[in-house]
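Hi,

Here is the structure I said I would pass on. Have a look at it first, and then read my notes underneath.

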Amino acid sequence: RILNENTSSGSAELSAEILNEKVHGDGICTGEVAIAPPAIGSSYKLLNRDHDQVYFNDMPNSAEGTRLRSHGDMLAFFPGGYMQAMGRTDDTMNLGGIKTSSLEIENVCNACVASH
């Protein structure tokens with residue numbers, strides 16, 4: 001499944017594909033979002049990890065031959081063209097160039113609370 005979204009001004013475009021798509025008995029399809037770079041807002045470096053390893057390793061190419069970029073979100077597609085965000089494929093996020101997990105953030109918050 002390929003997703004393309006153009007703004008009304010035509011100034012920005014997002015091209016994405018759905019990987020590992022699964023069709024359920026109720027007609028709902030689910031899969032992981034992969035972005036065809038370049039995309040506005042995508043990071044280009046990480047401070048604490050190898051950017052290419054995190055976002056491009058083991059990713060397939062698009063039909064046009066562009067290496068897809070991992071996004072990390074799951075989507076569900078419903079009959080009638082509706083979509084729903086289903087959450088993350090993992091527990092990581094990119095915060096200002098630092099790839100971290102919710103557990104790491106929770107541990108820091110707990111340590112701050114415990115020190116007061």
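**The two cysteines**

The sulfur of Cys-112 has its closest cysteine sulfur in Cys-109, 6.5 Å away, and that is too far for a bond. Keep in mind that this is a predicted model. A disulfide needs a pair of cysteine sulfur atoms within 2.5 Å, and by this rule the count comes to zero disulfides. Looking from the other side, Cys-109 is in no disulfide either, with the sulfur of Cys-112 as its nearest cysteine sulfur at 6.5 Å.

So are these cysteines buried or exposed? Cys-109 is partly exposed, at a relative accessible area of 43%. Cys-112 is partly exposed too, and its value is 46%.

**The rest of the chain**

Now for the fold. You should be able to pick out two helices and seven strands in the protein chain. If you walk along the sequence, the order goes β-β-β-α-β-β-β-β-α.

How much of the protein chain is buried? The chain has 116 residues, and 28% of them count as buried. As for the surface, the protein chain exposes about 7800 Å², with 54% of that supplied by carbon and sulfur atoms.

One last thing, about contacts. Take those in the protein chain with a separation of 6 or more: 39% of them are made by residues 24 or more positions apart.

Have fun turning it around on the screen, and write back if anything is unclear.

Cheers

Conventions: Residues numbered from 1 in each chain as written. Predicted model: local features only at pLDDT ≥ 70, side-chain atom pairs only at ≥ 80, totals over all residues. Heavy atoms only, no water. Helix = DSSP H or I, 4+ residues; strand = E, 2+ residues; numbered from the N terminus. Buried < 20%, exposed > 50% of the residue type's maximum accessible area, 1.4 Å probe, protein only. Contact = heavy atoms within 4.5 Å. Areas by Shrake-Rupley, 256 points an atom, 1.4 Å probe, with all protein chains shown as cover.
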